[in-house]
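Student: I would like to go through an interface and its cavities, and ask what each term rests on.
Tutor: Then here is the model.

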Amino acid sequence: MENFRKHSGLKRSILIVEDEAVNRDILGFILEDSYDVSYAENGQIALDMIRASEQPYSLILLDLMMPVMDGYTLLSTLKEDDKYKYIPVIVLTAEKNAEVKSIKLGAADFIKKPYDMPEVIMARCERIIELYEDQKIIRSTERDELTGLYSRNFFYEYVKQIEELDSNNKRDALVLNVDHFRLVNEIYGHEEGDRVLRFIADSLKDIFAEDASIICRSDADNFYISCIHRDDYRDHLERIQDKLDKIDISHKIRIRAGVNINLEEIVSVATRFDRAKAACDRIRGDFTRNIAYYSKDILKQVIFHERLINEMGKGMEDGDFVVYFQPKYLIKGDEPKLTSAEALIRWKHPELGMINPGEFIPLFENNGLIQKLDNYVWSKAAAKIRDWKDRLGVSVPVSVNVSRIDIYDSAFEDKLMNILKENDITPEDLLIEITESAYSENAGGLLKVVNSLRNKGFRIEMDDFGSGYSSLNMLTVMPIDIIKMDIGFIRNMTKDEKSKRLVELIINIAQFLKLRVVAEGVEDKDQLEMLKGMGCDIVQGFYFSKPLPAEEFEALF
Amino acid sequence: MLTIDNLNELGANTGEGLKRCMGREDMYLKLVPRALNDTNFEKLKEAVGEGDLTAAFEAAHALKGVSGNLSLTPIFDKSEEITELLRIKSDADYAVLVEELIGIRDRFRALCE
């Protein structure tokens, strides 16, 4: 800051308002080397000059007793005007009484009469200009423009200050985030996204009006709150969610919180919020919980996840990601017949060994990296299909997963078509698996993509069918080809009558609609026989085979 | 002649006055005649004559300010005395006080001729 002021070479302008020419000249003489000095001999002339000037004055030196318009009148006029109220005014006076009145009207400082020595006058002018410029910077940066909440760095500083002033009250760090907020921007546009963010900000202001809370928008859809410790935030969350449920948008806005209870531990404010955020990130996409509390385990997991994110690119380059194929068998005839496969990704990390896809797929889904991985799998699967045709003369369709984020990618279909072209295969060779939850999230968008893909000849497989809330409703509008039942039903159907009935029901509906049904996660003969009896078409699972590397999969042909 | 020494002889604290003018004698000696020719001397006399104590206060206050800044001590002292009396609208013989002030002023003015 110091350097910026000294070296910027900016000459700031000062307006001296004083009716006595001699006094004006003395001040001007002192200041003119360092400042652009203008003069006015009464308040009215000064006001006219201030209004006419393009560049705002950096400082006004103001005498009080003047003809036409006195100093008090000018001072109060300026301070009532939003445009001029931040110009600092130093009052020139000999009177103690005048000082009190001037301070009340908003004067920044005083210069005594007879004048102090030039050095003192210079120092006062410099100090006040600096102070007001700093305040101006603070005013323009301490708040987030969109929501009016604090911006992060100021928020951290203010939390520190509050804690120093009120050390008796322990404070908690809360981080709130909207699940898949990026999709709101993608689907409805940024303006609508901004409206939602403002709505959330206003809700938070309202709900956290007590407990000496202060709130900031850290970035995007991350809101940070510091408030006096309480044992339970469920009520707060519920109230926020209630408000959000009433916002006029067809998308369900779901909010999550990460809480770092700070009772004893002494760590920096920023670290506490980083940790609350880590807790919040951990339950992203978990519809069963909306509050997570920070713990040491979370920290370990965060570090692990960061490593996975950082090393994904290199892993792809080095070929550590390998596409496995899990066969699907047609069980209609007497003998099960290999009909297709599902492409599944495996990460053989050089140091960490085989990483469970359950570990990295949700992670990459959350930060969008999944798109890269999906593309990778599509290409590798397509290349294998080509290879099998060429080398073995076999055509085995392979299902590939399409993530929610792909649906919103305007280049999605082009990417798929390019892969087909590069490998000289047809849409019949690649089955497209889309998870059912994509429908409840963005039915309109998904419908458009599905229609367009089907027009090109792709077959659509609805994954995790029955897991969402809108499964039946979806069947009436979504032109799909294959239903893939949610794995949970299959797992439970030999133990639990309800699951069994549901499986039966889904199969009946599929038959009625002339859709094929796939059961995945089939692990034993009982399950297989039960499904066969119900009329299920296709089965996938460990009973037949776990996912296999391409060369082992080929052996099944 | 208007010189630092002559001003000192009449009781001005030129050392202080010069400091306010960044030690520049030419500047200081240019401002002193302007202070001595200030129309507020006449305004003060007129206002006192008319019994307009508010206008008289304003004029005296202005003279005090200017003479103070140039450290023309005798003028400052007298105008301050008058200002303070006028501030509380004291029942004083302002005509006499103003004559005294103008007398001091004139002695300074004589240096300019």
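Tutor: Across the interface of chain B and chain A, 7 residue pairs are in polar contact, both residues at pLDDT 80 or more. The model is predicted, so local features need pLDDT of at least 70 and side-chain atom pairs count only at pLDDT 80 or more, while totals for chains, interfaces and linings use all residues. Residues are numbered from 1 along each chain as its sequence is written, chains are lettered from A and ligands numbered from 1 in the order in which they are written, and side-chain values use heavy atoms, with hydrogens and water left out.

Student: What makes a pair a polar contact?
Tutor: Two N or O atoms lie within 3.5 Å; within protein, one must be able to donate a hydrogen and the other to accept it, and residues adjacent in sequence count only if both atoms are side-chain atoms.

Student: Which elements of chain B give two or more residues to the side that touches chain A?
Tutor: They are helix H2 (14–20), helix H3 (25–36), helix H5 (53–69) and helix H6 (73–87) of chain B. H5(B) gives the most, with 9 residues. A helix here is a DSSP run of H or I with at least four residues, numbered from the N terminus.

Student: Why is the meeting of B:Arg87 and A:Glu95 called a salt bridge?
Tutor: The term needs a side-chain nitrogen of Lys or Arg within 4 Å of a carboxyl oxygen of Asp or Glu. The side chains of B:Arg87 and A:Glu95 meet at 2.5 Å, N to O, so the pair meets the rule. The rule finds 2 salt bridges across this interface.

Student: What does the buried area of the interface count?
Tutor: Buried area is the accessible area (1.4 Å probe) that two parts lose on being put together, summed over both. Between chain B and chain A about 1800 Å² is buried, and carbon and sulfur atoms give 67% of that. B:Arg20, B:Met22 and B:Asn69 supply 33% of the area that chain B buries against chain A, more than any other three residues.

Student: How do you know that B:Phe76 counts as nonpolar in the lining of the largest cavity?
Tutor: Ala, Val, Leu, Ile, Met, Phe, Trp, Tyr, Cys and Pro count as nonpolar, Asp, Glu, Lys and Arg as charged, and the others, Gly among them, as polar. B:Phe76 is in the lining, and Phe is on the nonpolar list, so B:Phe76 is nonpolar. By class, this lining has 3 nonpolar, 2 polar and 2 charged residues.

How values were computed: On a 1 Å grid over the protein atoms alone, a cavity is a set of points where a 1.4 Å probe fits but cannot get out, and a pocket is an open set with protein on both sides within 12 Å along at least five of seven lines; lining residues have an atom within 4 Å of a point.
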